[in-house]
Amino acid sequence: MATDVTVPTDLWEGDLEAVITNWLASDGQAVKQGALLAEIMVEKSQFEVTAPADGTLTITQAADAIVRKGDTIGRIG
């Protein structure tokens with residue numbers, strides 16, 4: 001069963017868009033729950049996205065993609 005990697009809804013105030021600035025794990029890489037996967041930026045503030053589960057990462061939104069709170073940016077299967 002796959003687990004979505006989503007942009008957390010509680011990282012920043014308001015309904016601003018974010019940009020994925022860097023993936024720290026590669027597509028197809030095995031990851032552990034809690035591992036740092038990606039960095040996103042909102043108005044010059046950097047935030048981290050961690051793995052919600054163990055498994056193999058599939059990236060669905062590339063670096064430089066514009067995302068919002070709750071958007072799915074990858075899957076772990």
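How many bridges join strand 4 (residues 36–42) to strand 5? Let's start there and work outwards.

## The sheet

Six bridges join these two strands, which run antiparallel. Here, strands are DSSP runs of E with at least two residues, numbered from the N terminus, and two strands pair if DSSP finds at least two bridges between them. Within this pairing, E39 stands opposite E48 of strand 5. In general, strands of a sheet pair through backbone hydrogen bonds, either parallel or antiparallel.

Stepping back, four strands form an open sheet with antiparallel pairing, in the order 5-4-2-7. Strand 5 (45–50) and strand 7 (66–67) are at the edges with a single partner strand each, so one side of each has no neighbour in the sheet.

## About the model

This is a predicted model, in which local features need pLDDT of at least 70 and side-chain atom pairs count only at pLDDT 80 or more, while totals for chains, interfaces and linings use all residues. Residues are numbered from 1 along each chain as its sequence is written, and side-chain values use heavy atoms, leaving out hydrogens and water.

## The nonpolar core

Now look at the largest nonpolar core, which has 20 residues. Such a core is a set of buried Ala, Val, Leu, Ile, Met, Phe, Trp, Tyr and Cys residues joined through side-chain atoms within 4.5 Å; buried means under 20% relative accessible area, exposed over 50%, and partly exposed in between, with a 1.4 Å probe and protein chains only. The residues with the most contacts inside this core are L37, I40, L57 and I73. Strand 4 gives the largest share, four residues.

Take I40 as an example: leaving out residues up to four places away in sequence, the residues I40 touches (heavy atoms within 4.5 Å) include V7, W12, I20 and F47.

## Two residues in a loop

Most residues other than glycine have a negative phi. What is the phi of E43? E43 has a positive phi of about 45°, and K44 has a positive phi of about 70°; neither E43 nor K44 is a glycine. E43 is in the loop between strand 4 and strand 5, as is K44. E43 is exposed at 63% relative accessible area, and K44 is exposed at 78%.

## A lysine in another loop

K69 is in the loop between strand 7 and strand 8 and is partly exposed, at 23% relative accessibility. Beyond its neighbours within four places in sequence, K69 contacts V7, P8, T9, W12, E13 and G14. A polar atom of the K69 side chain lies 2.8 Å from the backbone oxygen of G14.

Conventions. A polar contact is a pair of N or O atoms within 3.5 Å; within protein, one must be able to donate a hydrogen and the other to accept it, and residues adjacent in sequence count only if both atoms are side-chain atoms.
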